[in-house]
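Reader: I am new to this structure and would be grateful for a close look at a single part of it, namely the surroundings of the ligand. Please describe that part in a connected way, and then add whatever helps to set it beside other regions.

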Amino acid sequence: MNNGVEPIIQIKNVHKHFHTLRGTVYALRNVSLNVMPGEVVVIVGPSGSGKSTTLRCINRLETIDGGEIIVDNIPLKGARNINKVRAEVGMVFQSFNLFPDRTALGNIVLAQRVVRRRRRAEAVDKAHDLLAKVGIPEKADSYPAQLSGGQQQRVAIARALAMDPKIMLFDEPTSALDPEMIKEVLDVMLALAKEGMTMVVVSHEMGFARAAADRAVFMDEGRIVEEDKPDILFSSPSHKRTKLFLSKIL
Amino acid sequence: MQDESRLTEQPSPTEAPSPEDPPSDEFVPETSTADKIFNWLAGLPWWAIILAVVAVAVLYSMFTSAAYQNVIRFLTDDPQRSTDDLFDVVQIVGEPAMIIGHFTGETQDSVESVITELLTEVIDSSLVTRAGFIEKETPATITVQTDSGSVTIPKDRIKRMEPPDAAVGSDVEISYIDRVTVTGTLTERDDDTMTVRTVDEEIQTFATARILNEETSVIACDKNADPDCTDREVVTILREGEIVTGTLTTLSQTGVSLQLPDESTREFRRAEVEYIHVPTLTIALNEAQAEEPVAEGQEVRIGFVDGTDITAALEQLDQLEDIPVPLRYSEGSARVALVSYPDIKAALEATGAGDVAGLVYLDAGSERWAVADWVDANPDAGVVLASEPRECTRHCEITVKMNDDELTGTVTARSADEISIRTVDAEYVVIDRDKILDNRRMEPGVCALNNLRGCNEGIFLTLRVTFLAYGLALAIGLFVGLMRVSNNPVIYAISTLYVEVIRGIPLLVILLYAGFVISPWIRDHTPVELSDEWEAIIGLAFGYGAFIAEIFRAGIQSISRGQMEAARSLGMSYPQAMRHVILPQAVRVVLPPLGNDFIAMLKDSALISVLALPDLLQFGRLYISRTFRAFEGYNTVAILYLLMTLFLSLLVRLIERRSRLPQ
Ligand SMILES: Nc1ncnc2c1ncn2[C@@H]1O[C@H](COP(=O)(O)OP(=O)(O)OP(=O)(O)O)[C@@H](O)[C@H]1O
Ligand SMILES: [Mg+2]
């Protein structure tokens with residue numbers, strides 16, 4: 001896999017714990033993962049295994065307690081302008097997190113204007129293009145509350161893409177959606193993967209993983225248990241825990 | 001840019017019912033008529049709302065119109081009382097001859113029925129003298145060319161011409177009436193005319209002993225107009241201020257009230273009083289006996305000065321809690337002997353000599369330090385002061401001397417010791433509005449329901465202070481609210497301290513701090529000098545800032561964490577995310593409580609009258625203090641506040657509706 005190109009995301013021996021009222025929770029224990037440019041990595045694992053935490057550490061929504069994360073050659077720990085890094089890393093949330101007081105168009109335009117300092121016309125054009133790309137050009141003037149879940153998630157993807165990110169992180173983008181809407185979101189993600197976007201996806205959609213992912217990672221109790229090509233990992237996992245987990249969700 | 005046309009553009013309706021739409025069922029509540037109207041209102045464009053505001057202004061001006069006043073006059077039992085006091089002096093400057101009319105009965109005659117007699121009497125006219133040569137003469141006018149141009153003067157306004165028979169072309173000096181000023185109280189006003197009552201008529205009877213100076217002048221009547229008329233004799237009397245003695249009931253910074261022997265009470269404002277004699281009790285003791293209590297059966301000798309009221313003095317002495325030792329006699333055991341002396345000096349010397357144990361001296365104010373001064377001057381005389389002089393504050397006879405004043409009028413009755421003067425007749429002058437050249441000091445008098453125009457200044461002050469203070473409070477609240485959600489412990493602690501301290505202090509106290517502590521400090525230490533109004537604004541703003549900060553904090557915290565994370569993941573900095581993502585949503589959430597505080601602040605602005613600001617409440621109190629009509633006065637104030645708050649709450653609700661997101 002290492003053909004002279006530097007990995008765009010390097011996670012090295014990362015530790016992360018949370019102090020809660022009921023004691024310390026170890027969310028990540030010595031996690032290491034490299035993602036090459038253009039690679040699509042799917043992370044699976046049981047609830048509480050640290051999948052979301054891993055993603056959130058990549059754009060420093062969580063700080064890490066040990067180890068090192070380097071994104072696009074910038075070590076996150078000492079990064080002086082974390083906002084520059086974040087602008088290069090798009091993130092899509094399970095709960096969409098659209099700005100409810102703005103139209104779909106407004107959601108996509110805002111960060112372009114504020115962060116990328118694009119002119120209004122340019123930002124609006126880009127927003128329209130992206131809405132067309134995610135298949136809802138006619139919803140530009142709808143407010144999030146007027147959109148279905150699938151439509152909202154597609155606006156959220158368009159919003160992240162508007163920043164022209166080098167990396168896209170997806171945290172269970174379809175798990176809050178009704179089954180008939182899952183496909184429309186996955187189609188968009190699949191198209192994105194085909195275009196060569198670097199993606200880290202937390203998802204239990206096996207179909208998507210098989211079709212789009214270069215690699216699947218199985219996490220449990222804050223550790224990466226095993227990683228492999230999705231076909232191999234899903235059909236013949238080498239670890240007992242992986243087997244157990246897969247037997248539950250399939 | 002964060003507005004993104006969300007207020008003006010109606011969102012296109014969704015074609016497919018979105019999953020969030022509640023299934024329509026029979027439980028949909030009926031919208032009430034009021035709701036329907038309000039929804040309709042909320043849907044109106046902004047220009048319609050501006051029009052509505054204008055309409056309110058028009059309505060308000062209708063409430064201040066003559067028609068409205070007539071209605072009020074019809075409804076109130078004492079119309080004269082309620083209007084007369086309400087208008088200040090009006091001065092109308094106009095040309096003479098043409099503008100003066102007599103108010104005859106209830107009908108107002110046309111301007112043509114002019115009576116010129118008034119002109120020289122109560123109406124002040126300004127006489128202009130000019131020199132030049134006569135350029136032109138007509139039967140009615142003379143045109144004079146002067147250095148500064150030519151003037152045409154109606155002949156009937158010429159008072160003097162030098163030489164009297166100057167012909168065209170000759171030099172002349174001419175005096176004529178240029179303009180006339182009418183001064184008085186506006187009693188009526190309609191579109192064409194104004195009626196001014198020039199001077200109050202009143203008959204005053206008082207003792208001739210009070211006359212300090214009297215001058216008589218005769219006003220000759222116009223024999224040409226009415227051969228049978230009689231000249232009038234007008235007296236001007238300088239009158240000594242009244243001296244009133246009675247029992248003191250209250251003594252305050254602004255006034256005194258007395259109970260007169262006939263049980264009636266009388267109040268005086270300090271401004272109309274020349275002096276007040278309050279009896280002051282001074283006690284001096286013989287030094288040797290000062291520490292010796294009175295023994296059983298012993299006689300106590302008490303000195304007093306001839307002519308002072310010893311009974312009253314002893315009564316006051318009785319009321320004292322700490323009676324000095326030799327004067328304190330236990331129940332019935334000692335006898336008292338009162339010894340009189342011709343003057344203070346003699347009495348004090350006798351006290352020093354041990355002739356009497358003590359001196360009780362009651363003086364009506366002016367000489368209250370006489371005893372103390374003597375004791376100071378004669379330290380070896382053996383006399384000590386038992387206590388500082390004590391001024392009576394209640395239940396003692398005091399004397400009030402009012403200021404001298406001047407009175408002009410005709411004498412209606414005169415006896416050896418009493419005189420009745422009718423002050424100059426009230427003149428009702430009807431003035432054609434077209435003829436009014438200038439209206440000086442047309443401001444109406446006191447704020448009352450039948451003169452809402454008089455409330456304008458107070459209303460504007462209240463509104464101005466409220467709006468400015470609220471704006472400032474919003475700024476403070478937003479700033480402190482943001483500090484309250486900060487992760488920095490120092491910033492958090494500072495903002496929490498501010499909120500807790502300010503919230504725990506009554507607004508009134510904060511206002512007093514602003515007015516009497518902060519503002520003087522700023523004046524002394526910086527070149528800035530705050531006006532009373534800004535003191536009030538700053539006080540209100542800081543007081544409310546704490547509450548508004550808490551509202552903002554709650555609003556910001558009510559926005560889900562996901563919003564901040566989404567914004568940050570897009571690369572926005574914390575301030576950017578706050579400003580573009582969190583605050584616009586938080587503001588929507590907090591609009592209702594902010595509106596509440598706005599209205600509460602309008603009401604609390606009534607407190608600023610403690611800083612002597614003429615706000616609406618102060619105007620109402622002014623009316624009450626002049627007319628003693630508390631019911632009407634406070635009604636006016638309450639109704640006006642109510643109108644303002646109702647209007648504001650409508651405005652607030654409209655803003656809320658309009659900022660609501662489409663569902
Ligand atoms: N902010 C936090 N405070 C305390 N504990 C946390 C916090 N975030 C996550 N955790 C804990 O860290 C562990 C890993 O959480 P994480 O959200 O990464 O799991 P996950 O794999 O995404 O699970 P799921 O599939 O349910 O989303 C869990 O035990 C969780 O309770
Ligand atoms: Mg998760």
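Author: Strand 1 (9–20), strand 2 (23–35) and helix 1 (51–58) of chain A each contribute at least two residues to the shell around ligand 1. The model in which this shell appears is a predicted one. Helix 1 of chain A provides the largest share of the shell, namely three residues. In total, 13 residues surround ligand 1, and the closest of them are A:Ser47, A:Gly48, A:Lys51, A:Ser52 and A:Thr53. By character, the residues of the shell comprise seven polar, four nonpolar and two charged ones.

Several of the contacts with oxygen atoms of ligand 1 can be described individually. For A:Gly48, a backbone N or O atom lies 2.8 Å from an oxygen atom of the ligand. For A:Ser49, a backbone N or O atom is likewise involved, at 3.2 Å from an oxygen atom of ligand 1. With A:Lys51 it is the side chain that takes part: an N or O atom there is 2.7 Å from an oxygen atom of ligand 1. Ligand 1 taken alone exposes 630 Å², and the protein buries 63% of that area.

Chain B offers a surface region to set beside this site. A nonpolar patch of about 900 Å² lies on the surface there, and its members include B:Leu497, B:Val501, B:Leu508, B:Phe516 and B:Val610. Helix 10 (489–503) and helix 11 (507–525) of chain B each supply at least two residues of the patch. Helix 11 of chain B gives the most, with seven residues. B:Leu497, one of the members of the patch, is placed in helix 10 of chain B. This leucine counts as exposed because its relative accessible area is 57%, and the cut-off for that class is over 50%.

A further position in chain B is B:Asn403, which is found in the loop between strand 23 (397–402) and strand 24 (405–414). B:Asn403 has a relative accessible area of 31% and is therefore classed as partly exposed. Its C-alpha is 5.8 Å from that of B:Glu272, although 131 residues separate B:Asn403 and B:Glu272 in sequence.

Technical notes. Residues are numbered from 1 along each chain as its sequence is written. Chains are lettered from A and ligands numbered from 1 in the order in which they are written. This is a predicted model: local features need pLDDT of at least 70, side-chain atom pairs count only at pLDDT 80 or more; totals for chains, interfaces and linings use all residues. Side-chain values use heavy atoms; hydrogens and water are left out. A residue is near a molecule or strand if one of its heavy atoms lies within 4 Å of it. A polar contact is a pair of N or O atoms within 3.5 Å; within protein, one must be able to donate a hydrogen and the other to accept it, and residues adjacent in sequence count only if both atoms are side-chain atoms. Accessible areas come from the Shrake-Rupley method with a 1.4 Å probe; for residues, only the protein chains shown count as cover. Helices (H or I, at least four residues) and strands (E, at least two) are DSSP runs, numbered from the N terminus. Ala, Val, Leu, Ile, Met, Phe, Trp, Tyr, Cys and Pro count as nonpolar, Asp, Glu, Lys and Arg as charged, and the others, Gly among them, as polar. Patches are made of residues with over 30% relative accessible area and no salt bridge: like charges are joined within 9 Å, nonpolar side chains (Val, Leu, Ile, Met, Phe, Trp, Tyr) within 5 Å. A salt bridge is a side-chain nitrogen of Lys or Arg within 4 Å of a carboxyl oxygen of Asp or Glu. Buried means under 20% relative accessible area, exposed over 50%, partly exposed in between (1.4 Å probe, protein chains only).
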